[in-house]
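Reader: I would like to go through the charged and nonpolar side chains of this model. Please keep the answers short.

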Amino acid sequence: MNDNEVEMEPVVYIVIGRVWENEEALPEDAITIHALLTAPDDDDAVRKTLEALQGQGYAEAELDQIGVMDGEPDDPVHEGAYQDALAGNVAIVTFTA
């Protein structure tokens with residue numbers, strides 16, 4: 001490695017939205033999700049998130065926000081998900097009432 005090559009951390013995206021377990025579910029049946037993953041760009045992050053949600057059996061999804069994580073999170077809810085994302089996985093955190 002020369003001086004011009006700086007090793008960069010992968011970009012970890014966070015995608016926030018809601019999912020439903022079946023197509024007939026009511027809006028109030030939504031489950032809030034945070035997906036953490038690495039991707040080359042926003043479009044790929046959204047596509048990978050939707051594929052992961054489908055793979056987990058969710059029938060419908062609405063994605064509301066996308067952003068980039070600014071380093072490792074401090075809260076324990078997202079710490080493991082962040083590490084999973086760095087390992088190349090799509091980590092889905094669900095929040096149920």
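**Charges and patches**

Author: This is a predicted model. Helix α1 covers residues 42–55, and Asp44 is found there.

Reader: Is Asp44 buried or exposed?

Author: Buried means under 20% relative accessible area. Asp44 has 16% relative accessibility, so Asp44 counts as buried.

Reader: With which side chain does the side chain of Asp44 make a polar contact?

Author: The contact runs from side chain to side chain, at 2.2 Å. The partner of Asp44 is Arg47.

Reader: Which residue meets Arg47 in a salt bridge?

Author: The partner lies in helix α1, as Arg47 does, 4 residues away, about one turn of the helix. The N to O distance is 3.0 Å, and the residue is Glu51.

Reader: How many residues apart in sequence are Arg18 and Glu62?

Author: Their side chains meet in a salt bridge at 2.3 Å, N to O. Arg18 lies in strand β1 and Glu62 in strand β3, so the pair ties together parts of the sequence whose separation is 44 residues.

Reader: Which other residue of strand β3 forms a salt bridge with Arg18?

Author: The closest N and O atoms of this pair are 2.5 Å apart. The pair links distant parts of the chain, 46 residues apart, and the residue in strand β3 is Asp64.

Reader: What is the area of the nonpolar surface patch that includes Val46?

Author: Val46 is found in helix α1 and counts as partly exposed, at 31% relative accessibility. Together with Leu50 and Ile66, Val46 makes a patch of about 200 Å².

Methods
Residues numbered from 1 in each chain as written. Predicted model: local features only at pLDDT ≥ 70, side-chain atom pairs only at ≥ 80, totals over all residues. Heavy atoms only, no water. Helix = DSSP H or I, 4+ residues; strand = E, 2+ residues; numbered from the N terminus. Buried < 20%, exposed > 50% of the residue type's maximum accessible area, 1.4 Å probe, protein only. Polar contact = N/O pair within 3.5 Å; in protein donor to acceptor, adjacent residues only side chain to side chain. Patch = residues over 30% accessible without salt bridge, like charges linked within 9 Å, V, L, I, M, F, W, Y side chains within 5 Å. Areas by Shrake-Rupley, 256 points an atom, 1.4 Å probe, with all protein chains shown as cover. Salt bridge = Lys/Arg side-chain N within 4 Å of Asp/Glu carboxyl O.
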